[in-house]
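Please open the model in your viewer and keep the selection panel at hand. The stops below go from the whole chain to single residues and back to the interior.

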Amino acid sequence: MITENIATIRTRVAAACGRAGRAPDSVRVICVSKGRSAAETARAVAAGLYDLGENRVREASLKYGELGSASTGVRWHFIGHLQTNKAAEAVRIFDLIHSVDSTRLAGEINTRAGKIGKIQEVLIEVNVSGEQTKYGVPPGAMTDDLIEYIDGLKHLRLRGLMTMAPAASDPGAARPYFRKLREMLVSVNSRRLDREPLRALSMGMSDDFETAIEEGATMVRLGRAIFGG
Ligand SMILES: *Cc1c(COP(=O)(O)O)cnc(C)c1O
């Protein structure tokens, strides 16, 4: 089941890349393993998905013990809301934290990464839709300020932006939010010429990943499309 789902996803990713004139390997599928057992997660890894997304530090920590780290080829992505008191543990486990949304959190991650001699790669989560229920920084000045702040931290490296589109029955409804995030990335890069350009756009989930790819996603975060449910 998991193996077939992954094969279907690969076909759909390739087709969306084709429509957008992009190379299929320009999109990384992140297997969102939150709430799934280590055994289920291991099946997805065995089927070739080496990027795992978790939204709880404690749960990830247990699976990390069973499934391993970069040394086994697995890369860990934190995609949930990170509390500052979990930053130390998060820095120990995760290769990429997708959800930095405040200077306070960025500062805490920087301190914790410094303590273990790590440069932590991060994305900024942007609340493009402005929904009250969503985490993330509002687009505009607040995002710009956070980027500048992170650029000044020695143990953080900013790689790009992440967003979640509002839940909708029509996958096309997410398009304007994905497009906006991509435009933000382009605009940030045009004003940040002394830095390596930001390339990562983490956007698109099981219901809307093809739209996200058409709009430039470099990482799609898929849970239900892989595991069902
Ligand atoms: C759960 C989750 C996903 C995966 O959602 P599916 O609809 O199961 O693909 C992606 N991103 C974030 C931030 C999530 O919390």
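**The whole chain**

Begin with everything shown, and keep in mind that this is a predicted model. Coloured by secondary structure, the protein chain shows 9 helices and 8 strands, and its C-alpha atoms fill a box of roughly 45 × 40 × 30 Å along the principal axes. The radius of gyration is 17 Å, which agrees with the value near 17 Å that a compact globule of 229 residues would have. If you turn on the surface, the accessible area comes to about 10,800 Å², with 49% of it belonging to carbon and sulfur atoms, while buried residues make up 50% of the 229 residues. Among contacts between residues at least 6 apart in sequence, 62% join residues at least 24 apart.

**Helix 3 and what surrounds it**

Next, select residues 57-67, which form helix 3, and show the side chains. Val 57, Glu 59, Ala 60, Ser 61, Lys 63, Tyr 64 and Leu 67 are buried here, and the buried residues of this helix pack against helix 2 (38-46), strand 2, strand 3 and helix 4 (87-93). Moving just past the end of helix 3, you reach Gly 68, which takes a positive phi of about 90°.

Stay with Lys 63 and add Glu 54 to the selection: the two form a salt bridge, their closest N and O atoms being 2.7 Å apart. Are these two partners buried or exposed? Both Lys 63 and Glu 54 are buried.

**Other salt bridges**

A search of the whole structure finds 17 salt bridges, and a few of them are worth selecting in turn. Pick Arg 75 and Asp 51, whose closest N and O atoms are 2.8 Å apart in a salt bridge. Arg 75 lies in strand 3 (residues 75-78) and Asp 51 in strand 2 (residues 51-54), so this pair ties together parts that are 24 residues apart in sequence. Arg 75 counts as partly exposed, at 31% relative accessibility, whereas Asp 51, at 4%, counts as buried.

Then select Asp 144 and Arg 191, a salt bridge in which the closest N and O atoms are 3.6 Å apart. This pair links distant parts of the chain, 47 residues apart, with Asp 144 in helix 6 (residues 141-151) and Arg 191 in the loop between helix 7 (175-190) and strand 7 (200-202). Asp 144 is partly exposed, with a relative accessible area of 28%, and Arg 191 counts as exposed at 52%.

For a group rather than a pair, select Arg 19, Arg 175, Arg 179, Glu 214 and Glu 215, which are linked in a network of salt bridges.

**The nonpolar interior**

Finally, hide the surface and look inside. Which residues touch the most other members of the largest nonpolar core? Of its 63 residues, they are Ile 97, Ile 109, Ile 124, Ile 150 and Ile 226. Helix 1 (residues 2-20) gives the most to this core, with 6 residues.

Centre the view on Ile 97 and display its surroundings: leaving aside its neighbours within four places in sequence, Ile 97 is in contact with Phe 78, Leu 82, Ala 90, Ile 109, Gln 120, Glu 121, Val 122 and Leu 123. Apart from the largest core lies another one, of 6 residues, and you can find it by selecting some of its members, among them Ile 30, Leu 96, Met 162 and Ala 200.

Note on methods:
Residues numbered from 1 in each chain as written. Predicted model: local features only at pLDDT ≥ 70, side-chain atom pairs only at ≥ 80, totals over all residues. Heavy atoms only, no water. Salt bridge = Lys/Arg side-chain N within 4 Å of Asp/Glu carboxyl O. Helix = DSSP H or I, 4+ residues; strand = E, 2+ residues; numbered from the N terminus. Buried < 20%, exposed > 50% of the residue type's maximum accessible area, 1.4 Å probe, protein only. Core = buried A, V, L, I, M, F, W, Y, C linked by side-chain atoms within 4.5 Å. Contact = heavy atoms within 4.5 Å. Rg over C-alpha atoms; globule rule 2.2 N^0.38 Å. Areas by Shrake-Rupley, 256 points an atom, 1.4 Å probe, with all protein chains shown as cover.
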